[in-house]
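Visitor: Mind walking me through this one? I'd like to ask a few things as we go.

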Amino acid sequence: IFKQFNLNIFTMILLALALGAQALTPSHHLSPADLDRLKAFLNQPFTDLESAYYSIVGLSKLGIAVSDEHAACQFLKSQLDPSNIDSLFFASEASQALSGCQIPLSNETRDLLLAAVSEDSTMSQIHRSVSTLSSLGLPVASQEVVSALTTRITKEDNVLAIILALQTASRLSQQAELGGILEEIEDLAARLDDLGGIYLQFEEGLEATAHFVTAAYALSDHVDIEPPLKEDQVVQLVNSVFSKKSWDSLSEAFSVASAAAAFSGNRFHIPVVVTSQGPAAVSHRQPMLQLQVTDILSQPLPSISVQVESAHAVASKSVVLSQAPFTLRDGIFELNFMDSQPASGYYQFAVAVTGDSRLVANHVEMKVKVSTEVAINNMDLSVVDKDQSIGTKTTRVEYPSKAKTSFTADSHQNFAMSFQLVDVNTGVELTPHQTFVRLHNQKTGQEVVFVAEPDSKNVYKFELDTAERKSEFDSISGTYALYLIVGDATLENPILWNVADVVLKFLDEEIPSVIQPKNLYVPKPEIKHLFRDPEKKPPTVVSNTFTALVLSPLLLLFILWIKLGANISNFSFTPSCILFHLGHAAMLGLMYVYWTQLNMFQTLKYLAIIGSLTFLAGNRMLAQKAVKRYRPGC
Amino acid sequence: MSSSVFSVLSKFVAEYRRSTPAKLKVVDAYLLYILLTGALQFFYCVLVGTFPFNSFLSGFISCVGAFVLGVCLRIQINPQNKSEFLSLSPERAFADFLFAHAILHLVVVNFIG
C-alpha cells in the first residue's frame with residue numbers, strides 16, 4: 001500500500017511541476033476599448049510644448065494622427081524657445097511625427113546642441129540634444145556621444161538615466177561602438193522586481209518600466225541583436241505595462257503608448273494574445289469555438305496559423321482532439337469542436353500559434369465547456385408496501401406532463417421513483433450535479449428537499465420512507481406536490497418538473513401549527529436587580545451584652561480614681577477655667593453631633609471656633625496653674 | 001519557677017504602690033481603662049465577625065491612640081524624666097494631650113460611620 005501511495009505522490013508532484021512549468025500568457029493587454037481610451041486621453045488640447053510632444057508623438061506611435069496637424073505645427077513653432085534644449089527636443093520630435101512640419105534652424109541652435117554633448121551635461125541633456133540633432137537631420141559625432149554616455153552611466157547610476165542612454169544609443173550610427181551600452185539592457189533587466197511571477201517592473205514605477213521596454217527594443221532593433229529577455233520576462237513586462245487601464249498623466253500615457261508600439265512592432269519578440277470570442281463554450285446549437293489571436297494592441301497578426309495541439313477531457317483525461325487546425329474567417333479563428341462528438345463536460349485545450357519566429361507566449365492553455373441538453377427517460381412512480389416489497393402499481397409519466405392520479409402513502413408504505421437522465425443528442429447517460437426531489441405542501445407552505453442518487457447503472461432512484469422521514473415533514477399529513485429539479489453547469493436546459501401529487505399520511509399527527517416567525521423585537525422580560533444581601537448580623541442580645549461590657553471599664557476607672565484620691569477639690573472658678581472646661585465639653589459634644597448629623601466641613605468649621613476658644617482659655621488656665629505650682633500658696 | 005515569678009510580681013506591685021506619685025497612678029488607672037475597653041472590643045470582633053469593619057476599626061484605633069497618648073502624657077509628666085523634658089512643663093504636656101485627642105476624636109468619629 002505504501003509503495004502505491006508513494007507512486008501516487010510522485011506522479012502528483014510531477015504533474016504539479018508540469019502544470020507549473022506551462023508557459024506564462026499575458027493576463028493584460030490593450031483591448032480595443034482600452035486603446036480608444038488611451039487615444040482619447042492622448043488627444044488632449046495642448047497646454048505647453050511638453051504636452052504637445054506627448055500627445056503628437058504618442059498618437060503617432062499608436063498609428064493615428066492628431067486631429068489638426070497644421071494647427072499643431074503652428075503651436076510648436078510659436079512655443080519654441082531656440083535657446084532651450086528641452087524646448088528644441090519636444091518641438092523637433094513632435095514635428096517629425098507631423099507631416100510637412102519643419103522647425104526653423106539656426107547656427108546658434110546647432111552649436112548649442114553640439115555643445116551639450118559632453119561628459120559634463122546630464123544624461124537627460126545628452127539624450128535630448130542627440131535626439132534633436134538626429135530628428136533635425138544634423139550630423140552627430142557618434143563616438144563622442146558613446147564616450148559621454150559611458151561616463152554619465154557610471155556617474156548617474158540610476159535606472160532612468162541608463163534607459164535614456166539606451167534611447168540615445170539607438171539614434172547613433174550603427175558603426176559606433178554600442179556594445180557596452182547594449183550590455184546595460186541585461187543589467188537593467190536584472191534590476192526588475194518580480195511580483196508573484198506575474199509582473200516584472202522597476203520600483204521606480206510604470207513609466208520607468210514602459211520606457212525601458214521602448215528603449216531596449218529600440219536599441220536592439222537598431223543593432224539587430226536580440227535583447228537578453230526570456231519569454232516569461234517579456235510576458236511579465238507586458239502584464240506590468242498594461243495592467244493599468246487609466247493613466248494619471250500624459251507622460252504616463254505616452255510611455256504606455258511607446259511600449260505598446262515597441263511590443264507590437266519590434267524585430268524579436270511579439271507577444272501574442274489569444275482570447276475566445278464570448279465564453280469558451282460549445283454546444284449543439286453553437287458548435288464553433290471562436291478565438292481571436294492578436295498582438296497586444298489588439299491588432300491582427302499577419303500570416304499566422306492556429307491549431308489545437310491536444311484537447312483532453314478534464315474528468316477522464318482521454319484525448320479527444322489532436323493537431324486540429326483552426327480556420328480563419330473574418331479575422332476570427334474557428335474550429336467546429338462538435339464534429340469530434342465530445343461528451344458534455346470540460347475540456348482542456350492546448351492551442352499553438354505559429355507562423356512567425358518572433359511570437360512570444362504563443363502556446364496557450366484554455367478550458368472549454370461543452371454543454372448539452374438533458375432528457376428524462378423512464379420516469380416510473382410507484383407505491384411499495386414495506387412488508388411485501390411488491391409495487392402495487394407502477395405509473396410511467398412522460399416529461400413535461402403530470403401524473404393524472406395522485407399517490408397515497410401511509411406509514412406502512414414507501415413511495416418510490418426511478419428515472420434516467422440522458423443526453424438528448426448522444427443518448428449517453430448523464431449524472432448532473434443537481435438532482436433534487438422537492439415536496440411542497442401547498443396548504444402550509446412547507447417544503448422538503450431530498451437528493452436522488454444514481455445506482456451503478458446510472459439509473460436514478462428515490463425512495464421516501466414515510467415513517468422514517470416524518471420528522472422532516474413535522475408529521476404533517478396532506479397533499480404534497482412533487483417536483484424534480486435537474487441542473488448542472490453543462491446543461492442548457494435545467495429542469496423543474498411537477499411530476500405528481502403525493503398524499504402522505506403520518507401517525508401521531510400534530511395539529512399543523514402555523515410556523516411562528518421569530519419575533520425578535522418584542523420587549524423582553526424585565527430583569528429585576530438583586531441587591532446584595534445584607535451581611536448577617538449577630539443577634540441583638542449579644543451586641544447589647546457587649547455594649548454593656550465595653551462600658552464597664554469606665555465604672556472601674558471611676559472606682560480606681562476614687563480609691564487613688566483623685567478629686568476636683570483644686571477646682572478654681574476662674575473664668576478661663578470655666579470657659580476651658582465648657583469649651584472642652586462643647587468639643588466632645590460636637591463630636592457626638594458630627595457622628596449623628598454633620599459632615600466634615602461643618603464639623604471643622606465649628607471645631608475651629610470652639611477649639612480656638614478652648615485653646616485660649618486653656619492656655620490661660622494652665623499658665624495660672626503653672627504659676628500656682630511654682631508659687632505655692634497663691 | 002512559678003513561685004519566683006509570683007514573688008517578683010508581688011514585689012513589683014508593692015514597689016509600685018509605694019513609690020509612684022498619685023498623679024501617675026491616676027494616669028495609670030486611665031490607661032488601664034483604655035486597655036480593657038480595647039481588649040473587650042477586640043474580643044467582640046473575634047466572636048461575632050468584622051461587620052461592620054469600619055466601626056470596629058475606628059473603635060479599636062481610638063483605644064490604641066488614646067492609650068498611646070496617655071503613655072506619652074505619663075512619660076512627660078513623670079518627675080523622674082524631668083531631665084529629658086527640660087523645656088516641657090506638665091501643663092504643656094497636658095495641653096498637647098488634649099489637642100492630640102481632639103484630632104483623634106475627629107478622625108475616629110469620621111470613620112465610625
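Guide: Sure, and one term up front: contact means heavy atoms within 4.5 Å. This is a predicted model, where local features need pLDDT of at least 70, side-chain atom pairs count only at pLDDT 80 or more, and totals for chains, interfaces and linings use all residues. Residues are numbered from 1 along each chain as its sequence is written, chains are lettered from A and ligands numbered from 1 in the order written, and side-chain values use heavy atoms, with hydrogens and water left out.

Visitor: Of the contacts in chain A with a separation of 6 or more, what share comes from residues 24 or more positions apart?

Guide: Chain A comes to 16 helices and 23 strands, which are DSSP runs (helices H or I, at least four residues; strands E, at least two) numbered from the N terminus. For contacts with a separation of 6 or more, the share from residues 24 or more positions apart is 68%.

Visitor: What percentage of chain A is buried?

Guide: Buried means under 20% relative accessible area, exposed over 50%, and partly exposed in between, with a 1.4 Å probe and protein chains only. Chain A has 634 residues, and the buried part of them is 43%.

Visitor: Which residues touch the most other members of the largest nonpolar core?

Guide: A nonpolar core is a set of buried Ala, Val, Leu, Ile, Met, Phe, Trp, Tyr and Cys residues joined through side-chain atoms within 4.5 Å. Leaving aside neighbours within four places in sequence, Phe242(A) has contacts including Leu30(A), Val256(A), Phe263(A) and Ile296(A). Apart from this core lies another, of 36 residues, Met417(A) among them. In the largest core, with its 89 residues, the ones that touch the most other members are Leu38(A), Phe212(A), Phe242(A) and Phe263(A).

Visitor: Is Asp248(A), the salt-bridge partner of Lys244(A), buried or exposed?

Guide: A salt bridge here is a side-chain nitrogen of Lys or Arg within 4 Å of a carboxyl oxygen of Asp or Glu. Lys244(A) and Asp248(A) meet at 2.9 Å, N to O. Lys244(A) is partly exposed at 25%, whereas Asp248(A), at 63%, is exposed.

Visitor: And in chain B, what separates Arg92(B) and Asp96(B) along helix α4?

Guide: Their closest N and O atoms are 3.4 Å apart, in a salt bridge. Arg92(B) is partly exposed at 45%, and so is Asp96(B) at 31%. Because they sit four residues apart in helix α4 (residues 90-112), the separation is about one helical turn.
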